[in-house]
Structures are given as structure tokens and as C-alpha cells.
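Student: Could you walk me through one part of this model in detail? I would like to look closely at how one helix packs against its neighbours.

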Amino acid sequence: MITTMTPQEFVQAFAEAFGSDTQLPIAFGYSDEPLAEPKEGLRCLMGLFPKVRKGDTVTLADKFLSCGGGMLYMGTGELQDRIPNFVSNIEHYQQTPQMVRDYVEGLHIVPAPKKYINFQRVDTLTGWDDIEGLIYFATPDVLSGLCAWAFFDDNSSSAVITRFASGCASLITMAVTENRKDDGHSCFLGGFDPSARIMMPADEMTFVIPAIRLPKMLSTMKDTCLFDTPAWSKIKQRIENK
């Protein structure tokens, strides 16, 4: 991936735009070799993010989740027969099991291209190669800025979208699928899944920039309202004073 901004330059620009205390995004991607000692046996993908947000790199491998849905949405498992019934009749997230089956089919889930999947805070990156996207855990004010950035050069109705999804599907599946499109450009707003929300701070949602969208957004970042405009300056001050 060729960009006009290195990860280190992005970290500096992000702090300038959102304040130095705002949580940095998490990069994720697949690799043939682990970036850290692989973890196994996690109950839910959402449980690893507090550690990554503190700066640790986490690598997952093999049957790393006990959640069949998580394995499915991360491209390392199949749709288990029990999942449609569970999502519809136990969790009551969709009206019928068939709706769940149709939804999963429509996601066009990409099988994991490599053995390991890695999560690391963006300030630990040495380059943008091999990442699938950036994951933000964002308060409403930060989310306002991220959306403004995404809308800056994209007038389409799909510049930022949200769909029914588990936490891991909105963070991983949709970005990976978007990256395989010739015209991929959407960013994804998530964090609506009640099962994931109970593992998230009450005042945060998620926002994902797929790798296919990142070069253009990095090239336009400093031209957006996030730098030296009256309205955003007031929001940034509120972010910093929180």
C-alpha cells in the first residue's frame, strides 16, 4: 500500500486533529508468521481489545475462539447449524432463522487468507502493508470527526454505512470483503450488537476504515475540517476537556 503518510506521521496528525489523549485506532491483518505469541481459547473477539488498546499486539491462530459466530465472521469457520436458531430464537436479533442464513450468505465472507490474524495499535506499525483496516472505538464527538473525514471526498450514500452485524462482523468481515472489491470505498459504523456492547464502554461506537479506503483518506486528512476550523476546534476542545 502506497500512501503519502507513514503510520508515525498519521499518529502525529491524529493527535493534532483529535487531541493527544484520544484513543488511537487498532490495525488488523493476516500474516503467515505470528507477530506475537498466538492466543487460543478466547470466548469472544471483543475481549481482546482492552489489551490491544493499551499497546499490546495480539495474534490469534487456529481455533482461537469458542464462539462459532466469531470463527465464521473472521473467515476461519463455517456456518454452524445452531447459529441461525440461536441468533433468531434465543438472542432475538433477527425475526427468523432463514433471515440469518440469508444474511450470512449475503456477506460473501472471505476465507482467512493466511494462518494468523494480528491486532496492534497503529503507533506500533512500521508500515501499512498487510493490514486489512483500522478499527476505532469512538465517542460521539470523535465519531463526528471520523465521519466528516470519510465524507470529505465521497458524496455517495455508501461512504459510511451500518448493517445488522455482530461486533466481529462489523469490525472484521465487512472491511475484509470491502477490500476485495474493485470499487471498495465504504467505511463501517458499528457497535450496535447488544452482545458486543456489554463488552464496550457505554459511550463508544466502532468505526472501521478498510485498507482499500485508507490511502485516499490519509491523503485528504489535513484538508478536512479537522484542522483549524471554528466548529471542529470547539469539538476538539470538548474532547480534550472530557
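Tutor: Happy to; what follows is a close look at helix 10 and its helix contacts, with a short look at the sheet afterwards. Keep in mind that this is a predicted model.

Let us start with helix 6 (residues 140–151), which packs on helix 10 (residues 230–241) at an angle of about 145 degrees, the axes lying 9 Å apart. The crossing of helix 6 and helix 10 is left-handed. On the helix 6 side you will find Asp141, Val142, Ser144 and Gly145, and they meet Trp232, Ile235, Arg238 and Ile239 of helix 10. Sorted by class, this contact holds four nonpolar, two polar and two charged residues.

Now turn to helix 1 (residues 7–18). Its axis is 8 Å from that of helix 10, and the packing angle is about 95 degrees, so helix 1 is roughly perpendicular to helix 10. Helix 1 contributes Ala15, Glu16, Ala17 and Phe18, while helix 10 contributes Trp232, Lys236 and Ile239. Here the classes come out as five nonpolar, no polar and two charged residues. Trp232 and Ile239 of helix 10 appear in the contact with helix 6 and also in the contact with helix 1.

Finally, the sheet. Seven strands make up an open, mixed sheet in the order 2-3-1-4-7-6-5. Strand 2 (58–61) and strand 5 (160–161) each have a single partner strand, so one side of each has no neighbour in the sheet. Strand 2 pairs with strand 3 (residues 116–121) in the antiparallel sense over four bridges, and Ala61 has Tyr116 in strand 3 as its bridge partner.

Methods
Residues numbered from 1 in each chain as written. Predicted model: local features only at pLDDT ≥ 70, side-chain atom pairs only at ≥ 80, totals over all residues. Heavy atoms only, no water. Pairing = 2+ DSSP bridges. Helix = DSSP H or I, 4+ residues; strand = E, 2+ residues; numbered from the N terminus. Axes fitted to C-alpha atoms, helices over the stretch in contact; angles between N-to-C directions. Left-handed = near helix turned anticlockwise from the far one by under 90°. Contact = heavy atoms within 4.5 Å. Nonpolar A, V, L, I, M, F, W, Y, C, P; charged D, E, K, R; others polar. Parallel < 35°, antiparallel > 145°, perpendicular 65-115°, else oblique.
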